[in-house]
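The following exercises concern a single protein chain. Each task is followed by a solution in steps.

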Amino acid sequence: MKKKLVLLSVILLLVAGCSNNETKEEKIEVTPIKNSAFKNLPEWVLQPTYSNGIAAVGQAKIGKAGLSFAKTEALANARNEIARQVEVQVDNMFTSYLNTTGIGSDETVDKVATDVSKQVASLSLKGSKQLNVWISEENDVYILVGVD
């Protein structure tokens, strides 16, 4: 009986040792881009990733204020997106209004619906850093930002 128990233990250890413990990274399929302005964009613009933490992309138009200002704006947009990924407070209000005027065939109906949403994120992003930058042919700067 002891020999069978030892033999079973050895077999189980061999099977467990030979099993594949590799973690497979899930790849998200990206929809093909039809707009020719974005044909050459790097994959990280649509699928921002950072192996050490969280990533986001910020975008800004390079205008008369120059590249430096556009980079600062894009960095701020990316950091805002990271903060919203981690923590966000959402306030939402939906109102609907229906009004009728007139009588019979002269009656008219007015309908108004309004949906207002406000999102607020407040988070300290110590150690956030620019990981990559790309400037499109249309003078948009895209910046990949990551935080551990």
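Two strands are taken as paired if DSSP finds at least two bridges between them. The model examined here is predicted.

**Exercise 1.** Determine which residue in β5 is the bridge partner of Q130, and describe how β4 and β5 are joined.

*Solution.*
Step 1. Locate the strands: β4 covers residues 129–135 and β5 covers residues 140–147.
Step 2. Find the partner: Q130 is bridged to V145 in β5.
Step 3. Consider the whole pairing: β4 and β5 run antiparallel and are joined by six bridges.
Step 4. Examine the connection: four residues lie between the two strands of this hairpin, and N139 in the turn has a positive phi of about 65°.

**Exercise 2.** State whether V133 is buried, partly exposed or exposed, and identify the surface patch to which V133 belongs.

*Solution.*
Step 1. Place the residue: V133 is part of strand β4.
Step 2. Apply the cut-offs: buried means under 20% relative accessible area, and exposed means over 50%.
Step 3. Classify: the relative accessible area of V133 is 36%, so V133 is partly exposed.
Step 4. Identify the patch: V133 forms a nonpolar surface patch with L67 and I135, and together they have about 220 Å² of accessible area.

**Exercise 3.** Summarise the secondary structure, burial and contacts of the chain.

*Solution.*
Step 1. Count the elements: there are three helices and five strands, in the sequence order α-α-β-α-β-β-β-β.
Step 2. Assess burial: 19% of the 148 residues count as buried.
Step 3. Assess the surface: the accessible surface is about 11700 Å², and carbon and sulfur atoms account for 54% of it.
Step 4. Assess contacts: among those between residues at least 6 apart in sequence, 57% join residues at least 24 apart.

Conventions:
Residues are numbered from 1 along each chain as its sequence is written. This is a predicted model: local features need pLDDT of at least 70, side-chain atom pairs count only at pLDDT 80 or more; totals for chains, interfaces and linings use all residues. Side-chain values use heavy atoms; hydrogens and water are left out. Buried means under 20% relative accessible area, exposed over 50%, partly exposed in between (1.4 Å probe, protein chains only). Contact means heavy atoms within 4.5 Å. Accessible areas come from the Shrake-Rupley method with a 1.4 Å probe; for residues, only the protein chains shown count as cover. Patches are made of residues with over 30% relative accessible area and no salt bridge: like charges are joined within 9 Å, nonpolar side chains (Val, Leu, Ile, Met, Phe, Trp, Tyr) within 5 Å. A salt bridge is a side-chain nitrogen of Lys or Arg within 4 Å of a carboxyl oxygen of Asp or Glu.
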